[in-house]
Amino acid sequence: MAGTDTPTESTDADPAHAVVARLAVEFDDSISRSTISRVVAASVRDLAGVPAADIPELSERVARQRLLAALERAASWDRGGLLRTSG
């Protein structure tokens, strides 16, 4: 049975893909997708030992907090390459 709420193959194979996609929409104007992907991957690694079913939600929360903290730091200090620049 096919329905709109059925997960896609990409999210079944790699739940982090969906997390990256959601955070990319949220931080699109500020942080590159590749940076978001690296932060999500690091968050997933840091959650080793957590039940697998909890990884997607927890990794998204951890990654979001890290990205927000990076934006706060970048407001006064840009490490180069983290923030998108116009032009």
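Begin by selecting helices H3 and H4, where H3 passes H4 in a right-handed crossing; the model on screen is a predicted one. The axes of these two helices come within 8 Å and cross at roughly 125°, an angle that falls in none of the parallel, antiparallel or perpendicular ranges, and H3 and H4 are therefore oblique to each other. To see what makes the contact, show the side chains of Ile36, Val39, Val40, Ala42, Ser43, Val44 and Asp46 on H3, together with Ile55, Ser59, Val62, Ala63, Arg66 and Leu67 on H4.

Next, select the largest nonpolar core, which has 12 residues: Ala16, Val19, Val20, Leu23, Ala24, Phe27, Ile31, Ile36, Val39, Val40, Ala63 and Leu67. Colouring by element shows that two or more of these residues come from each of helix H2 (15–26), helix H3 (33–46) and helix H4 (55–74), and that H2 supplies the largest share, with 5 residues. Such a grouping fits a general pattern, in that nonpolar side chains in soluble globular proteins tend to be buried together. Several core members, including Ile36, Val39, Val40, Ala63 and Leu67, can be left on display from the previous stop, as these residues also take part in the contact between H3 and H4.

From the core, centre the view on Val19 and display what surrounds this residue. Apart from residues up to four places away in sequence, Val19 touches Val40, Pro56, Ser59 and Glu60. The last of these, Glu60, has its place in helix H4, and although Glu60 and Val19 are 41 residues apart along the chain, their C-alpha atoms are separated by 5.8 Å.

Now move the centre to Glu60 itself: is this residue buried or exposed? With a relative accessible area of 12%, which is under the 20% limit, Glu60 counts as buried. When neighbours within four places in sequence are left aside, the contacts of Glu60 are with Val19, Arg22 and Leu23.

Which residue forms a salt bridge with Glu60, the closest N and O atoms being 2.6 Å apart? The partner is Arg22, and the pair links distant parts of the chain, with Arg22 in helix H2 and Glu60 in helix H4, 38 residues apart. The two partners differ in their surroundings, since Arg22 is partly exposed at a relative accessible area of 42%, whereas Glu60 is buried at 12%.

Stay on H2 and H4 and select Glu26 and Arg64, whose side chains meet in a salt bridge with an N to O distance of 3.0 Å. Glu26 lies in helix H2 and Arg64 in helix H4, so this pair, too, ties together parts that are 38 residues apart in sequence. Glu26 is partly exposed, with a relative accessible area of 42%, and Arg64 is also partly exposed, with a value of 22%.

For a salt bridge within one helix, select Arg61 and Glu57, where the closest N and O atoms are 2.5 Å apart. Both residues lie in helix H4, 4 residues apart, which is about one turn of the helix. Arg61 is partly exposed at a relative accessible area of 49%, and Glu57 is likewise partly exposed at 46%.

As a last selection, show Arg22, Glu26, Glu60 and Arg64 together, since salt bridges that share partners join these residues into one network. The count of salt bridges in the model comes to 5, among them the pairs Arg22 with Glu60, Glu26 with Arg64 and Arg61 with Glu57.

Technical notes: Residues numbered from 1 in each chain as written. Predicted model: local features only at pLDDT ≥ 70, side-chain atom pairs only at ≥ 80, totals over all residues. Heavy atoms only, no water. Core = buried A, V, L, I, M, F, W, Y, C linked by side-chain atoms within 4.5 Å. Buried < 20%, exposed > 50% of the residue type's maximum accessible area, 1.4 Å probe, protein only. Contact = heavy atoms within 4.5 Å. Salt bridge = Lys/Arg side-chain N within 4 Å of Asp/Glu carboxyl O. Axes fitted to C-alpha atoms, helices over the stretch in contact; angles between N-to-C directions. Parallel < 35°, antiparallel > 145°, perpendicular 65-115°, else oblique. Left-handed = near helix turned anticlockwise from the far one by under 90°.
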